[in-house]
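Visitor: I would like a close look at a single part of this structure. Please pick one strand and walk me through its surroundings.

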Amino acid sequence: MSDVQKQAEKATVVLRRQTWEVEAGITARELLKKLNLNPQSYLVTRDGELISEDTIIRPGDKIRLVAVISGG
Amino acid sequence: MPMRCRKCRQKAVINMRQHRLALCKEHYVEWFQHQTERTIKKYKMFRKDEPVLVAVSGGKDSLALWDVLLALGYQADGFYLRLGIDEGIRYSEESYAKIKAFVEQHPGVKLHVVDVKETYGESIPEVARRVQRGKGKPCSVCGLIKRHEMNRVAYELGYPVLATGHNLDDEVAVLFSNTLNWQVGYLARQHPVLPGREGFARKVKPFCRFYERETAAYALLRGIDYMYEECPFSVGANTIYYKELLNKLEEERPGAKLHFYLSFLRAKEKERLFANWQKSQAELHACEQCGQPTSAPGRCAFCRLWPEDVLSKPEEAFVPLTLVAEPEAVK
């Protein structure tokens, strides 16, 4: 598989100032686990829309994670 | 098989494992508003004919609360305290901008604003650097000033009720911390409603049964543009550490946080846990300077923060700026 094809299989994930490229085909919940993030502490959005934990991440998706913990 | 909304079988956007409930966008917003109303009624927080002052910070919880109360038809106005926190990210300015944007979208609502520096001469970080209480971190000074000013403004402007956006994770983190340290006085006082008394508005927490991810989901689904950045001084705060710890527990045992909080409230109500302690500590004194209730005779902790001349200014100096939501009027 060429580098271009491999890239096409991936989704981009952004959390604040961090960005990851991850393999598509996993669920939103699996994505968080893969990044060592607790699903209780983050919401997952795609194109600005909230998606449920069982939603499959597609190649080329732009995913933004929303940290929900606040306070001091 | 994708997760489906329990009500309409459309694709769900959120699953709440502690309730075994998945909902689509439309039904989640409906459920969230309905549950808020139920909580308000269950704990007898306030009635539709009572004006409510909502303490707003620009964050997801307080703006979501204001949004829900307005959607439910309550007379809800906002109060914002400008703290003067910059720390390179213009934290206070950005927060204020989010609140003003919210106000502009809700014609007719009022926003009362107190600027700490303009009113008392110093911003929160400046006071914290000057006084012993703030040494190291300004959070303690900030909390003290916020509580005093929320109460003062609610009382002076005639709001019988002050509502804050505290969610279940906030409440559980405090409960956990106070239990670890056996802070019996704080445990005795912790409740969704703190009754009003002479000098104190009633304080209520209509979101006390929602998980933090639920208030965030509501804000996202309603398109509320909230302050995503955390206060720069909150980095490393105990509350955040406890919330992360409790979320690890929740991930393994869905419903653990809800059970911890509700069983605590039940123990207080049914078993009269801490009831004797509450009675013995009920006596408060009026502060010699501002008149607000305080635990010891003399000047309260807030008034002791400031030099005498700051607090002896004419009354007009302490009146909040009030913005009314006609888009052109809010600048």
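Guide: Here is a walk around one strand of chain B, followed by a few other places in the model. The model is predicted. Our strand is S4(B), residues 76-82. Is S4(B) mostly covered or mostly open? It is mostly covered, with 6 of its 7 residues buried.

Now look at its partners. S3(B), residues 52-55, is joined to S4(B) by 4 bridges. These two strands run parallel. Find B:Leu53: opposite this residue, in S4(B), stands B:Asp77. To get from S3(B) to S4(B), the chain passes through H2(B). This β-α-β crossover is right-handed.

Another partner is S5(B), residues 110-115. Here 5 bridges make the link, and the strands again run parallel. B:Leu81 of S4(B) faces B:Val114 in S5(B). Helix H3(B), residues 91-104, belongs to a β-α-β unit with S4(B) and S5(B). That unit is right-handed.

Go back to H2(B), the helix on the way from S3(B) to S4(B). H2(B), residues 60-71, also helps to cover the buried residues of H1(B). Other elements that cover them include strands S1(B) and S2(B) and helix H9(B). Which residues of H1(B) are buried? They are B:His27, B:Tyr28, B:Phe32, B:Thr36 and B:Ile40.

Check the length of H1(B) too. This helix has 18 residues, 25-42. At 1.5 Å a residue it should span 26 Å, and its end C-alpha atoms are 25 Å apart, so the two values agree. After H1(B) comes B:Lys44, with a positive phi near 50°.

Next, visit another lysine, B:Lys268, in helix H11(B). Why is B:Lys268 partly exposed? It has 17 C-beta neighbours inside 10 Å, and a buried residue needs 20 or more, so it falls short of that class. Leaving out residues up to four places away in sequence, B:Lys268 touches B:Leu273 and B:Phe274. Its C-alpha atom is 9.7 Å from that of B:Gln190, 78 residues away along the chain.

Last, turn to the contact between the chains. Chain A gives 17 residues and chain B gives 29. On the chain A side, strands S3(A) and S4(A) each supply at least two residues. That side holds 7 nonpolar, 8 polar and 2 charged residues.

How confident is the prediction for chain A? Its mean pLDDT is 91. Confidence is highest in S3(A), at 98, and lowest in H1(A), at a mean of 59. Where pLDDT is low, the coordinates should not be read in detail.

Notes: Residues are numbered from 1 along each chain as its sequence is written. Chains are lettered from A and ligands numbered from 1 in the order in which they are written. This is a predicted model: local features need pLDDT of at least 70, side-chain atom pairs count only at pLDDT 80 or more; totals for chains, interfaces and linings use all residues. Two residues are in contact if their C-beta atoms, placed from the backbone, lie within 7 Å. Ala, Val, Leu, Ile, Met, Phe, Trp, Tyr, Cys and Pro count as nonpolar, Asp, Glu, Lys and Arg as charged, and the others, Gly among them, as polar. The expected span of a helix is 1.5 Å times one less than its number of residues. A residue is buried if 20 or more other C-beta atoms lie within 10 Å of its own, exposed if 12 or fewer, and partly exposed in between; C-beta atoms are placed from the backbone. pLDDT is the predictor's confidence in each residue, from 0 to 100. Two strands pair if DSSP finds at least two bridges between them. A crossover is right-handed if, with the strands pointing away from the viewer, the path from the first strand over the helix to the second runs clockwise.
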